[in-house]
Amino acid sequence: TIHYNHLMADVKATDWFAQPVTWALEKGITAGTGGGNFSPSANCTVAQILTFLWRASGSPKPTASNPFSDIKSDDYYADAAVWAHEKGLVSGATFSGNMLCTRAMAVTYMWKLSGSPSAKTAGFTDVLASADYANAVAWAVEKSVTSGTSATTFSPDNICTRGQIVTFLYRELAK
């Protein structure tokens, strides 16, 4: 059932991402980008996906102090970033929240949050077994988060749109 789409001017009930966007709005994972829009075709940033994951996890207050030199306490994603650091999703002294999120990054964050479970190899020609995201891709395929960009490719370096990210989250978390 679609309840929220009338509030999002840029999401039609027939769009492939309509149900995931509705779910994300209803669960408080996102409120859109302002002006009644969700911006499904806009590139998703690291700050956005990690904030979505943090909110999907109940927006827990981080217990550690901010390890990132490039985050101010009033940044909308400040708590999400520190939480992501605590959960081992990100590391380092800089967060780079405006960096664009690739397909490999998205499934890696989700896989790590799920406890880094093992999965059988996905068999994509563009995902080397030695790649640091290979297990995350295999898990995402096994969990039906994604089936790749073709029968033989995953396209790990492709930038994710906001519509794709909420679809990944919906497929993993709305079960």
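Which residues in α3 are buried? In this predicted model, the buried residues of α3 are A78, A80, A81, V82, W83 and A84. Helix α3 spans residues 78-86. The cover over its buried residues includes α2 and α4. Just after α3, G88 adopts a positive phi of about 80°.

The largest nonpolar core comprises 55 residues. Within this core, the residues with the most contacts are I49, L50, L53, F95, Y109 and I165. Six helices each give two or more residues to the core: α1, α2, α3, α4, α5 and α6. Helix α5 covers residues 134-142, and α6 covers residues 162-173. L50 illustrates the packing. Leaving out residues up to four places away in sequence, L50 touches A80, W83 and A84, three residues that are buried in α3. L50 also touches L89, V90, F95 and Y109. Of these partners, F95 and Y109 are themselves among the core residues with the most contacts.

The largest pocket has a volume of about 300 Å³. Sixteen residues line this pocket, and those closest to its centre are L89, M105, T108, Y109 and K112. Helix α4, residues 103-113, supplies the largest share of the lining, with six residues. By residue type, the lining divides into 10 nonpolar, four polar and two charged residues. Two of the residues closest to the pocket centre, L89 and Y109, are also contacts of L50.

Helix α4 also holds W111. W111 has a relative accessibility of 11%. This value is under 20%, so W111 counts as buried. Not counting residues up to four places away in sequence, W111 touches S116, P117, N135, A136 and W139. Among these, N135, A136 and W139 fall within α5. The C-alpha atom of W111 lies 10.0 Å from that of E172, although the two residues are 61 apart along the chain.

T45 is located in a loop, between α1 (18-26) and α2 (46-56). T45 has a relative accessibility of 13% and therefore counts as buried. With neighbours within four places in sequence set aside, T45 is in contact with Y76, G97, N98, M99, L100 and C101.

How values were computed
Residues are numbered from 1 along each chain as its sequence is written. This is a predicted model: local features need pLDDT of at least 70, side-chain atom pairs count only at pLDDT 80 or more; totals for chains, interfaces and linings use all residues. Side-chain values use heavy atoms; hydrogens and water are left out. On a 1 Å grid over the protein atoms alone, a cavity is a set of points where a 1.4 Å probe fits but cannot get out, and a pocket is an open set with protein on both sides within 12 Å along at least five of seven lines; lining residues have an atom within 4 Å of a point. Grid points are joined across faces, edges and corners, and a volume is the space filled by probe spheres set on the points. Helices (H or I, at least four residues) and strands (E, at least two) are DSSP runs, numbered from the N terminus. Ala, Val, Leu, Ile, Met, Phe, Trp, Tyr, Cys and Pro count as nonpolar, Asp, Glu, Lys and Arg as charged, and the others, Gly among them, as polar. Buried means under 20% relative accessible area, exposed over 50%, partly exposed in between (1.4 Å probe, protein chains only). Contact means heavy atoms within 4.5 Å. A nonpolar core is a set of buried Ala, Val, Leu, Ile, Met, Phe, Trp, Tyr and Cys residues joined through side-chain atoms within 4.5 Å.
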